[in-house]
Amino acid sequence: MTEKQCEICGAEISGSPQKIVIDRSTMEVCKSCARFGKPEDKWTPVPRKMVPVERAFTVMRPKPRDQFKDLVELVPDFGRKIREAREGLGLTPEQLGARIKEKATLLKKIEREDISPEDDVRKKLERELKIKLTDQASEAQVKSGGSGRGLTLGDIANIKRK
Ligand SMILES: [Zn+2]
């Protein structure tokens, strides 16, 4: 047994003793006494150059609805509009489908608003049924002006009068 005792507190040192320097003399001490001196050999743990791996935040941001940028706004009740226009013409979905070369099942789904018509289907429906399926609200808002309106001819006339 080469059990060593701490030179400071006398406790048995389990494992390798800590060599410390106190007043230029080296002592073998237990771990808890090691704090009383300085490490013997210049055991300055050279901080290895821990180049901080910069967290490459290359998380791809989800593109902000890029895929919708060309999508025109459908009127909210496009299904009803289509059905009413179709019925107004006295056409069955099958007959309408034959006219625009689309499946009747597709038209039924569109009329139930299960799906939105693709652009080309929508255009064919608009042409065939003579309806508008796109939302014109934004355009109408621009035209009507609203509260934040700019100068109107009337305003300009008022200014001139002053
Ligand atoms: Zn000790």
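A residue is called buried when its relative accessible area is under 20%, exposed when that area is over 50%, and partly exposed in between. These words recur throughout the account below of a predicted model.

The protein chain contains 6 helices and 5 strands. Read from the N terminus, the elements follow the order β-β-β-β-β-α-α-α-α-α-α. Of the chain's 162 residues, 22% count as buried. Among contacts between residues at least 6 apart in sequence, 40% join residues at least 24 apart.

The account begins with the zinc ion. Four sulfur atoms coordinate the ion, namely the SG atoms of C6, C9, C30 and C33, at 2.2 to 2.4 Å. The angles among these 4 donor atoms are 102 to 114 degrees, and the site is tetrahedral. Four donors count as tetrahedral if all angles lie between 85 and 135 degrees, so the range of 102 to 114 degrees satisfies that condition. Along the chain, the donors are spaced as C-x2-C-x20-C-x2-C. C6 belongs to the loop between strand 1 (4-5) and strand 2 (12-13), whereas C30 belongs to the loop between strand 4 (25-29) and strand 5 (38-39); the pair therefore ties together parts that are 24 residues apart in sequence. Both C6 and C30 are buried.

Another donor, C33, deserves separate attention. C33 is located in the loop between strand 4 and strand 5. Its relative accessibility is 5%, so C33 counts as buried. When neighbours within four places in sequence are set aside, C33 is in contact with C6, I8, C9 and I20. The C-alpha atoms of C33 and A11 are 9.8 Å apart in space, while the two residues are 22 apart in sequence.

The helices come next. In soluble globular proteins, nonpolar side chains tend to be buried together. The largest nonpolar core of this model has 15 residues, of which F78, I82, L96, L125, L129, I131 and L133 touch the most other members. Helix 1, helix 2, helix 3 and helix 4 are the elements that give two or more residues to this core. Apart from it lies another core, of 8 residues, which includes I20, M27, C33 and A34. The zinc donor C33 is thus a member of that other core. As for F78, its contacts beyond four places in sequence are I110, E113, I115, S116, P117 and L133.

How do individual helices take part in this packing? An α-helix has 3.6 residues a turn, so residues three or four places apart point the same way. In helix 2 (residues 93-100), the residues P93, L96, G97 and I100 are buried. Viewed down the axis of helix 2, these buried residues fall within an arc of 100 degrees, so they line one face of the helix. They pack against helix 1 (78-88), helix 3 (104-111) and helix 4 (119-129). Helix 2 is followed by K101, which has a positive phi, near 60 degrees.

Helix 4 can be described in the same terms. Its buried residues are V121, R122, L125, E126 and L129. Seen down the axis of helix 4, they fall within an arc of 135 degrees, so they too line one face of the helix. The buried residues of helix 4 pack against helix 1, helix 2 and helix 3. Just after helix 4, K130 has a positive phi of about 55 degrees.

Charged side chains complete the picture. Side chains of opposite charge can pair when their charged atoms come close. The whole structure holds 12 salt bridges. One of them joins K124 and E102, at 2.7 Å from N to O. K124 lies in helix 4 and E102 in the loop between helix 2 and helix 3, so this pair ties together parts that are 22 residues apart in sequence. A salt bridge also joins the side chains of R80 and D77, at 2.2 Å from N to O. R80 is partly exposed, with a relative accessible area of 36%, and D77 is likewise partly exposed, at 24%. D114 forms a salt bridge with R112, their closest N and O atoms being 2.9 Å apart. D114 is partly exposed at 48%, whereas R112, at 53%, counts as exposed. Finally, D119, R122, K123 and E126 are linked in a network of salt bridges. Two members of that network, R122 and E126, are among the buried residues of helix 4.

How values were computed
Residues are numbered from 1 along each chain as its sequence is written. This is a predicted model: local features need pLDDT of at least 70, side-chain atom pairs count only at pLDDT 80 or more; totals for chains, interfaces and linings use all residues. Side-chain values use heavy atoms; hydrogens and water are left out. Donors are N, O and S atoms within 2.8 Å of the metal (3.2 Å for Na, K and Ca); water is not among the atoms, so sites may look incomplete. Four donors count as tetrahedral if all angles lie between 85 and 135 degrees; four count as square planar and six as octahedral if opposite donors are over 155 degrees apart and all others between 65 and 115; anything else is irregular. Helices (H or I, at least four residues) and strands (E, at least two) are DSSP runs, numbered from the N terminus. Buried means under 20% relative accessible area, exposed over 50%, partly exposed in between (1.4 Å probe, protein chains only). The arc is that of the directions from the helix axis to the C-beta atoms. Contact means heavy atoms within 4.5 Å. A nonpolar core is a set of buried Ala, Val, Leu, Ile, Met, Phe, Trp, Tyr and Cys residues joined through side-chain atoms within 4.5 Å. A salt bridge is a side-chain nitrogen of Lys or Arg within 4 Å of a carboxyl oxygen of Asp or Glu.
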